[in-house]
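Me: I'd like to walk through this chain with you, one question at a time. Could you take me through the reasoning as we go?

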Amino acid sequence: MAVLKPRSRTVTFRVSSEEFLALTASCQNSDSRSISDFARAAVLHKIRAAGRGGLARTDMSTLGKALEELDAALGDVSKAIRSIPASDNPDNFEIEGKDRGAQQVGPEYLFS
């Protein structure tokens, strides 16, 4: 494939061994011809997104996904706590049913 727009500037950066492995794997999974082509496309995409306010949208999207994962993990922990049999609860703290908001469990609170 011929380069339609000649490139005369060079950008160089260093990566760790782990970053290089991740970079080459991502490059192979994309339509890029080379690591250089892949890196150029990624950097230019980031620049264009920043110009359109895309970084804020990306950051909010990432934050939203992280919060969803955290919420799911907390839900799993809450279910696990509720499933503890009374014989495994040495302090005999009452563990109440779900979906009632904050519930006191001994000296602390359980949020469902």
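Me: Happy to start with the pocket. Which class, nonpolar, polar or charged, gives the lining of the largest pocket eight residues?
Reply: Keep in mind that this is a predicted model. In the lining of the largest pocket, three residues are charged and four are polar. The eight that complete the split by class are nonpolar.

Me: Which helix gives the largest share of that lining?
Reply: The largest pocket has a volume of about 490 Å³. Of its 15 lining residues, the closest to the centre are R9, T10, V11, S36 and R40. The largest share of the lining, six residues, comes from the helix spanning residues 35–51, which is helix 2.

Me: Thanks! Which residue does the side chain of R40 meet in a salt bridge?
Reply: Side chains of opposite charge can pair when their charged atoms come close. A salt bridge needs a nitrogen-to-oxygen distance within 4 Å, and the pair here sits at 3.4 Å, N to O. The count comes to one salt bridge. The partner of R40 is D37.

Me: How many residues apart do R40 and D37 lie in helix 2?
Reply: An α-helix has 3.6 residues a turn, so residues three or four places apart point the same way. R40 and D37 are separated by about one turn of helix 2. In residues, that spacing is three.

Me: Is R40 buried, partly exposed or exposed?
Reply: Buried means under 20% relative accessible area and exposed means over 50%. R40 has a relative accessibility of 25%, so R40 counts as partly exposed.

Me: Lovely. On to helix 1: within what arc do its buried residues fall?
Reply: The buried residues of helix 1 are L23, T24 and C27. Seen down the helix axis, they line one face, because they fall within an arc of 95°.

Me: And which exposed residues does the face turned away from the buried side of helix 1 carry?
Reply: Helix 1 covers residues 17–28 and reaches 17 Å from its first C-alpha to its last. Its face turned away from the buried side carries the exposed residues E18 and L21.

Technical notes
Residues numbered from 1 in each chain as written. Predicted model: local features only at pLDDT ≥ 70, side-chain atom pairs only at ≥ 80, totals over all residues. Heavy atoms only, no water. 1 Å grid on protein atoms, 1.4 Å probe; cavity = no way out; pocket = protein on both sides within 12 Å on 5 of 7 lines; lining within 4 Å. Points joined across faces, edges and corners; volume = space filled by probe spheres on them. Helix = DSSP H or I, 4+ residues; strand = E, 2+ residues; numbered from the N terminus. Nonpolar A, V, L, I, M, F, W, Y, C, P; charged D, E, K, R; others polar. Buried < 20%, exposed > 50% of the residue type's maximum accessible area, 1.4 Å probe, protein only. Expected span 1.5 Å × (residues − 1). Arc of directions from axis to C-beta.
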